[in-house]
Amino acid sequence: MLNLKTDKMSLKLNTTTKQMIRDLQDDLQQMLEMESNIHVIRRMESLQNNKAFQKSADLIRKSLYDGKN
């Protein structure tokens with residue numbers, strides 16, 4: 001497990017983390033522009049079913065282990 005207290009790589013947002021946040025912002029913006037609540041619900045369920053948040057977290061974690069900035 002990654003030790004977040006001592007790992008300097010985890011203290012600053014790296015490129016992968018910033019991109020994951022931008023992608024989530026895009027998803028949220030799309031939901032704000034949807035026509036109905038049911039469309040938002042379906043989109044949120046789709047994100048949940050596709051495990052979008054878990055995949056994003058996994059990519060960020062991997063980038064920390066790989067030492068990417």
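Here's a quick tour of the helices, the salt bridges and a couple of buried polar residues. Keep in mind that this is a predicted model. A search of the whole structure turns up 3 salt bridges. One of them, D27 with R43, ties helix α1 to helix α2, while D58–R61 sits within helix α3, and so does D66–K62.

**Helices α2 and α3**

- Helix α2 covers residues 37-49, and its 13 residues should span 18 Å at 1.5 Å a residue; the end C-alpha atoms are indeed 18 Å apart, so the two values agree.
- Just after α2, K51 takes a positive phi of about 55°.
- Helix α3 runs over residues 52-66, and its 15 residues reach 21 Å from first C-alpha to last, close to the 21 Å expected at 1.5 Å a residue.
- The buried residues of α3 are A52, S56, S63 and L64. They cover an arc of only 115° around the axis, so they end up on the same side of α3.
- What do those buried residues of α3 pack against? Their partners are α1 (15-32) and α2.

**The link between α1 and α2**

- Side chains of opposite charge can pair when their charged atoms come close.
- D27 and R43 form a salt bridge, with the closest N and O atoms 2.8 Å apart. This pair joins distant parts of the chain, since D27 is in helix α1 and R43 is in helix α2, 16 residues apart.
- Is D27 buried or exposed? D27 has 14% relative accessibility, under the 20% cut-off, so D27 counts as buried.
- R43, at 23% relative accessible area, is partly exposed.
- Setting aside neighbours within four places in sequence, D27 is in contact with L47 as well as R43.

**Salt bridges within α3**

- D58 pairs with R61, the closest N and O atoms being 3.1 Å apart. These two lie 3 residues apart in helix α3, about one turn of the helix.
- D58 is partly exposed at 36% relative accessibility, and R61 is partly exposed at 39%.
- D66 and K62 meet through their side chains in a salt bridge at 2.6 Å, N to O. They are 4 residues apart in helix α3, again about one turn.
- Here too both partners are partly exposed, with D66 at 44% relative accessibility and K62 at 47%.

**Ahead of α1**

- N14 is in the segment before α1, and its 5% relative accessibility means it counts as buried.
- A polar atom of the N14 side chain lies 2.8 Å from the backbone nitrogen of T17.

Methods. Residues are numbered from 1 along each chain as its sequence is written. This is a predicted model: local features need pLDDT of at least 70, side-chain atom pairs count only at pLDDT 80 or more; totals for chains, interfaces and linings use all residues. Side-chain values use heavy atoms; hydrogens and water are left out. The expected span of a helix is 1.5 Å times one less than its number of residues. Buried means under 20% relative accessible area, exposed over 50%, partly exposed in between (1.4 Å probe, protein chains only). The arc is that of the directions from the helix axis to the C-beta atoms. Contact means heavy atoms within 4.5 Å. A polar contact is a pair of N or O atoms within 3.5 Å; within protein, one must be able to donate a hydrogen and the other to accept it, and residues adjacent in sequence count only if both atoms are side-chain atoms. A salt bridge is a side-chain nitrogen of Lys or Arg within 4 Å of a carboxyl oxygen of Asp or Glu.
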